Amino acid sequence: MSYSPSSLVLCKSPRVTIVGAGRVGSTLAQRVAEKNLADVVLLDIVEGMPQGLALDLLEARGLELHHRQIIGTNNYADTCDSQIVVITAGVPRKPGMSRDDLLKTNAKIVVDAAKNAIAFSPNAILIIVTNPLDVMTYLAWQATGLPRYRIMGMAGVLDSARFETFIALELGVLPADVQAVVLGSHGDLMVPLSRYATVNGIPITELLDRETIGRLVERTRNGGGEIVELMQTGGAFFAPASAISVMVESILLNQSRLLAVATYLQGEYGLNDIVIGVPCRLGCAGIENIVELHLTDEEAEALQSSAQWVRDNITQAQEILAMKP
């Protein structure tokens with residue numbers, strides 16, 4: 001049987017755009033391409049940098065045995081028709097700097113990036129990574145007018161992975177055997193739920209004493225800061241990139257994985273008009289549904305405190321954006 005050119009259907013590969021070609025963004029580009037999930041567009045305002053990184057990744061394709069296209073650009077027009085846009089652009093944390101210190105600069109960067117990206121990819125799902133993450137996700141949602149299921153922040157996946165790592169190190173077990181969940185804001189007021197943390201189904205409360213669990217919870221809350229202090233010249237990027245790639249994979253492959261992500265709440269957990277980390281199912285449409293866990297009074301109070309911190313910073317960020325340059 002022969003086919004005429006007109007009878008052939010050209011299949012387009014999925015495309016993931018990453019705004020910000022720093023360590024997190026470039027490592028994510030590597031993860032997405034080498035997992036063979038999608039073609040990648042790496043965008044940055046620095047001329048030549050995303051192009052050079054893209055060329056470097058292209059030259060590794062034969063060695064890594066994948067065929068994904070990787071484009072580096074300074075022009076949002078090259079990001080058109082992306083299924084997912086990940087925004088990592090912004091000023092990184094430095095030693096002694098809190099996520100709050102990043103608010104003034106990063107608010108304008110993220111809002112501009114979100115608007116530009118959606119202008120060329122109106123059907124895209126947005127994943128926000130820039131800190132302070134919960135606040136940035138809210139601002140991007142507000143600026144773009146996207147339905148809440150199509151915009152989210154990467155926080156809980158990373159924080160949960162850190163909690164799991166510290167539990168595994170403490171017990172000397174395989175990290176893959178540890179499951180944990182962290183709610184709340186991506187910062188010092190995050191809420192690691194030790195009751196829901198297990199090792200092959202066994203609650204860690206049966207394996208560790210209260211004092212040890214408390215120490216691991218505090219280390220999780222300071223997980224990013226610990227790395228910043230050790231490195232002195234930057235923050236974490238390997239684990240954040242892996243966390244984002246898990247979210248991207250669940251969306252592109254419609255895996256419907258249950259992951260903790262920062263999302264806009266409308267009454268869930270007793271919270272309204274706020275973005276904060278909670279368990280969600282991620283599929284091809286974005287956030288399929290939000291799972292409400294039963295919380296103790298202490299856990300619910302901690303989540304409310306975390307939400308108030310986010311709310312205060314949203315107000316501050318909105319005031320900053322409203323100011324004339």
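**Exercise 1. Ser256 and Asp81**

Locate Ser256 in this predicted model, and state which backbone angle of Ser256 deserves attention. Then treat Asp81 in the manner of Ser256.

*Solution.*
Step 1. Ser256 sits in the loop that runs between helix H9 (238-252) and strand E12 (257-266).
Step 2. The angle to inspect is phi, which is near 55° in Ser256, a positive value in a residue other than glycine.
Step 3. The relative accessibility of Ser256 is 23%, so Ser256 counts as partly exposed. The partly exposed class lies between the limits of 20% and 50%.
Step 4. Asp81 belongs to the loop between E3 and strand E4 (84-87). Asp81 is not a glycine, yet its phi is positive, about 60°.
Step 5. Asp81 is partly exposed because its relative accessibility is 45%.

**Exercise 2. The peptide bond before Pro132**

Determine which kind of peptide bond joins Asn131 and Pro132, and describe the setting of Asn131.

*Solution.*
Step 1. Omega between Asn131 and Pro132 is about -5°, and the bond is cis.
Step 2. Pro132 is placed in the loop between strand E5 (125-128) and helix H5 (133-144). Asn131 is likewise found in the loop between E5 and H5.
Step 3. With 17% relative accessibility, Asn131 counts as buried.
Step 4. The unreviewed UniProt entry lists Asn131 under the feature "binding site" together with Arg93, Arg99 and Arg162. Another "binding site" feature in the unreviewed UniProt entry also includes Asn131, and among its other positions are Ala21, Asp44 and Asn106.

**Exercise 3. Ala21 and Asp44**

Ala21 and Asp44 are both annotated as "binding site" positions in the unreviewed UniProt entry. Establish whether Ala21 is buried or exposed, and which polar contact links Ala21 to Asp44.

*Solution.*
Step 1. Ala21 lies in the loop between strand E1 (15-19) and helix H1 (23-34), whereas Asp44 lies in the loop between strand E2 (39-43) and H2.
Step 2. Ala21 has a relative accessible area of 3% and is therefore buried. Asp44, with a relative accessible area of 11%, is therefore buried as well.
Step 3. A polar atom of the Asp44 side chain is 2.8 Å from the backbone nitrogen of Ala21.
Step 4. With residues up to four places away in sequence set aside, the contacts of Ala21 include Leu42, Leu43, Asp44, Met49 and Pro50. On the same basis, Asp44 touches Gly20, Ala21, Gly22, Met49, Pro50, Thr73 and Asn74.

**Exercise 4. Met49 and a nonpolar patch**

Met49 appears among the contacts of Ala21 and among those of Asp44. Identify which surface patch contains Met49.

*Solution.*
Step 1. Met49 is part of helix H2 (residues 49-58).
Step 2. The relative accessibility of Met49 is 33%, so Met49 counts as partly exposed. A patch residue must have over 30% relative accessible area.
Step 3. The patch is nonpolar and consists of Ile45, Val46 and Met49, which together have about 300 Å² of accessible area.

**Exercise 5. His67**

State which residues His67 contacts beyond its sequence neighbours, and whether His67 is buried or exposed.

*Solution.*
Step 1. His67 occupies the loop between helix H3 (61-64) and strand E3 (70-73).
Step 2. Because the relative accessible area of His67 is 52%, His67 is exposed.
Step 3. Apart from neighbours within four places in sequence, His67 is in contact with Asn36 and Arg61.
Step 4. In sequence, His67 and Asn36 are separated by 31 residues; in space, their C-alpha atoms are 7.5 Å apart.

**Exercise 6. Residues 158-319 and Glu299**

State which domain the UniProt record assigns to residues 158-319, and describe the surroundings of Glu299.

*Solution.*
Step 1. The unreviewed UniProt entry gives residues 158-319 as "domain: Lactate/malate dehydrogenase C-terminal".
Step 2. This stretch, residues 158-319, is 45% helix and 23% strand, and its end C-alpha atoms are 29 Å apart.
Step 3. Glu299 is in helix H10 (residues 297-322). At 11% relative accessibility, Glu299 counts as buried.
Step 4. The backbone nitrogen of Thr296 is 2.9 Å from a polar atom of the Glu299 side chain.
Step 5. Not counting residues up to four places away in sequence, Glu299 touches Val191, Leu193, Arg195 and His294.

Methods: Residues numbered from 1 in each chain as written. Predicted model: local features only at pLDDT ≥ 70, side-chain atom pairs only at ≥ 80, totals over all residues. Heavy atoms only, no water. Patch = residues over 30% accessible without salt bridge, like charges linked within 9 Å, V, L, I, M, F, W, Y side chains within 5 Å. Areas by Shrake-Rupley, 256 points an atom, 1.4 Å probe, with all protein chains shown as cover. Salt bridge = Lys/Arg side-chain N within 4 Å of Asp/Glu carboxyl O. Helix = DSSP H or I, 4+ residues; strand = E, 2+ residues; numbered from the N terminus. Buried < 20%, exposed > 50% of the residue type's maximum accessible area, 1.4 Å probe, protein only. UniProt positions renumbered as here; feature names shortened; annotations may be inferred. Contact = heavy atoms within 4.5 Å. Polar contact = N/O pair within 3.5 Å; in protein donor to acceptor, adjacent residues only side chain to side chain.
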